[in-house]
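Please open the model in your viewer and keep the sequence panel beside it. The tour below goes from one selection to the next and says what is to be found at each stop.

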Amino acid sequence: MQSQDELMGLFGDVVVNDTMFTMNRYGMVFAPLLGINNHRQTVLFGCAFLTSETTNSFVLLFEEFKKAMQGEPPKIIITDQDVVMSKAIAVTLPITFHRYCIWHILNKFMEKPDIGECFSEMYKCIWGMDTKKEFDAKWEEIITNNGLKDHPWLSSIHASPENWVPSYVKHVFSAGMSSSQRAKSCHSFFKQYINRKNTLMEFIVHFERALSSQRHKELMANHVDNSEKPRAIQHQMTRIYTRAILEMFERENFISLLCLFELVEQDET
């Protein structure tokens with residue numbers, strides 16, 4: 001079984017941070033730092049309780065996290081679009097790509113009464129455009145047709161598309177994650193073991209029990225990969241992929257068979 005330090009060294013490329021919940025009787029904010037392993041299971045790299053959500057609190061959190069990561073910062077971190085957290089990330093993780101949780105942003109779209117009517121158009125624009133140029137052109141068309149060119153929130157969110165728009169962040173490996181929904185599922189998972197009435201000591205006991213359950217699921221997935229033989233055609237692929245990733249590959253490969261191909265560009269190679 002791998003130690004947690006080894007795990008962080010292997011799966012620390014993408015980290016998700018979300019601080020929406022409190023999990024003890026003192027009202028402190030529970031701040032988990034999450035990722036996924038090669039079975040696409042949620043992995044908890046570490047967590048902290050914060051007495052306040054200030055820049056200094058997050059600076060301390062990320063500095064301690066870097067120490068636990070053996071000096072190697074994550075390549076990408078996904079968080080809510082929070083000014084305080086953004087400042088802390090800029091100070092402590094200057095070379096880490098900061099991606100905003102698109103789930104939070106889409107929720108804000110729906111909360112704005114003057115945007116709600118064209119939300120479906122915006123949604124298709126955000127997820128349906130393959131290139132930056134296509135996204136910008138479609139965005140301009142939507143806000144012009146709906147009289148939203150001077151909308152302050154839309155202007156502010158469009159000022160930093162490189163932090164959240166899918167067509168702008170294709171160059172950054174994010175392990176298939178674009179939001180902090182992993183954190184939501186993690187909170188749900190820990191609520192099976194922990195509640196807001198816990199003292200800090202009670203939290204530690206229940207927290208260790210929850211981690212043991214999480215690590216047991218990873219061991220079970222490893223066992224399946226090592227002991228259950230796939231069909232002959234899959235043997236080569238299983239040397240590269242775990243079962244979970246192989247199933248993703250097979251789904252994408254099947255979908256690709258339904259596509260029609262057209263020559264777009266050709267060179268001497």
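## Stop one: helix α2

Select E63, which is partly exposed because its relative accessible area is 29%. Since this is a predicted model, please take every value on the tour as computed from its atoms. Now add K66 to the selection, and you will find that the side chains of K66 and E63 meet in a salt bridge, at 3.6 Å from N to O. The two residues are three apart in helix α2, so about one helical turn separates them. K66, at 21% relative accessibility, also counts as partly exposed, the lower bound of that class being 20%.

Staying in the helix, select E64 and K67, whose side chains form a salt bridge of 3.1 Å, again taken from N to O. Both residues lie in helix α2, three residues apart, which is about one turn of the helix. Here E64 is partly exposed with a relative accessible area of 41%, whereas K67 is exposed, with a value of 60%.

## Stop two: a salt bridge between two loops

Select D13 and K75 together, and zoom in on the closest N and O atoms of their salt bridge, which are 3.1 Å apart. This pair links distant parts of the chain, as D13 sits in the loop between α1 (4-10) and β1 (14-17), while K75 sits in the loop between α2 (55-68) and β5 (76-79), 62 residues apart. D13 counts as partly exposed at 29% relative accessibility, and K75 is exposed, with a relative accessible area of 57%. The count of salt bridges in the model comes to six.

## Stop three: R99, a buried charge

Next select R99, which lies in strand β6 (residues 97-100). How far away is the nearest side chain of opposite charge? That side chain belongs to E162 and is 12 Å away, and R99, although buried, has no salt bridge. A salt bridge requires the nitrogen and the carboxyl oxygen to be within 4 Å, so a separation of 12 Å leaves R99 and E162 unpaired. What the side chain of R99 does make is a polar contact with the side chain of S174, at 3.3 Å. To see the surroundings, show the residues that R99 touches beyond its sequence neighbours (up to four places away), among them I76, I77, I78 and T79, as well as N163, W164, P166 and M177.

## Stop four: I105 in helix α4

Select I105, which has its place in helix α4 (residues 102-111). Its relative accessibility is 0%, and therefore I105 counts as buried. Leaving aside residues up to four places away in sequence, I105 touches Q81, Y100, W153, I157 and W164. If you draw a distance from I105 to Q81, C-alpha to C-alpha, you should read 7.6 Å, although the two are 24 residues apart in sequence. W164 may be worth keeping on display, as it is touched by I105 and also by R99.

## Stop five: R40 and T242

Move to R40, which is found in the loop between β3 (29-36) and β4 (42-50). Its phi is near 60°, a positive value in a residue other than glycine. Most residues other than glycine have a negative phi. R40 is partly exposed, with a relative accessible area of 24%.

Then select T242, in the loop between α10 (235-238) and α11. Is T242 buried or exposed? It is buried, with a relative accessible area of 11%. Apart from residues up to four places away in sequence, T242 touches N38, H39 and D225.

## Stop six: a nonpolar patch

Select F254, I255, L257 and L258 and turn on the surface, where these residues form a nonpolar patch with about 480 Å² of accessible area together. Of these, F254 lies in helix α11 (residues 243-256) and is exposed, with a relative accessible area of 52%.

## Zooming out

Finally, clear the selection and view the whole chain, whose secondary structure comes to eleven helices and six strands. Of its 269 residues, 42% count as buried. Among contacts between residues at least 6 apart in sequence, 60% join residues at least 24 apart. The accessible surface of the chain comes to about 15,900 Å², and 55% of this belongs to carbon and sulfur atoms.

Definitions and conventions:
Residues are numbered from 1 along each chain as its sequence is written. This is a predicted model: local features need pLDDT of at least 70, side-chain atom pairs count only at pLDDT 80 or more; totals for chains, interfaces and linings use all residues. Side-chain values use heavy atoms; hydrogens and water are left out. Helices (H or I, at least four residues) and strands (E, at least two) are DSSP runs, numbered from the N terminus. Buried means under 20% relative accessible area, exposed over 50%, partly exposed in between (1.4 Å probe, protein chains only). Contact means heavy atoms within 4.5 Å. Lys and Arg count as positive and Asp and Glu as negative; His and the chain ends are not counted. A polar contact is a pair of N or O atoms within 3.5 Å; within protein, one must be able to donate a hydrogen and the other to accept it, and residues adjacent in sequence count only if both atoms are side-chain atoms. Patches are made of residues with over 30% relative accessible area and no salt bridge: like charges are joined within 9 Å, nonpolar side chains (Val, Leu, Ile, Met, Phe, Trp, Tyr) within 5 Å. Accessible areas come from the Shrake-Rupley method with a 1.4 Å probe; for residues, only the protein chains shown count as cover.
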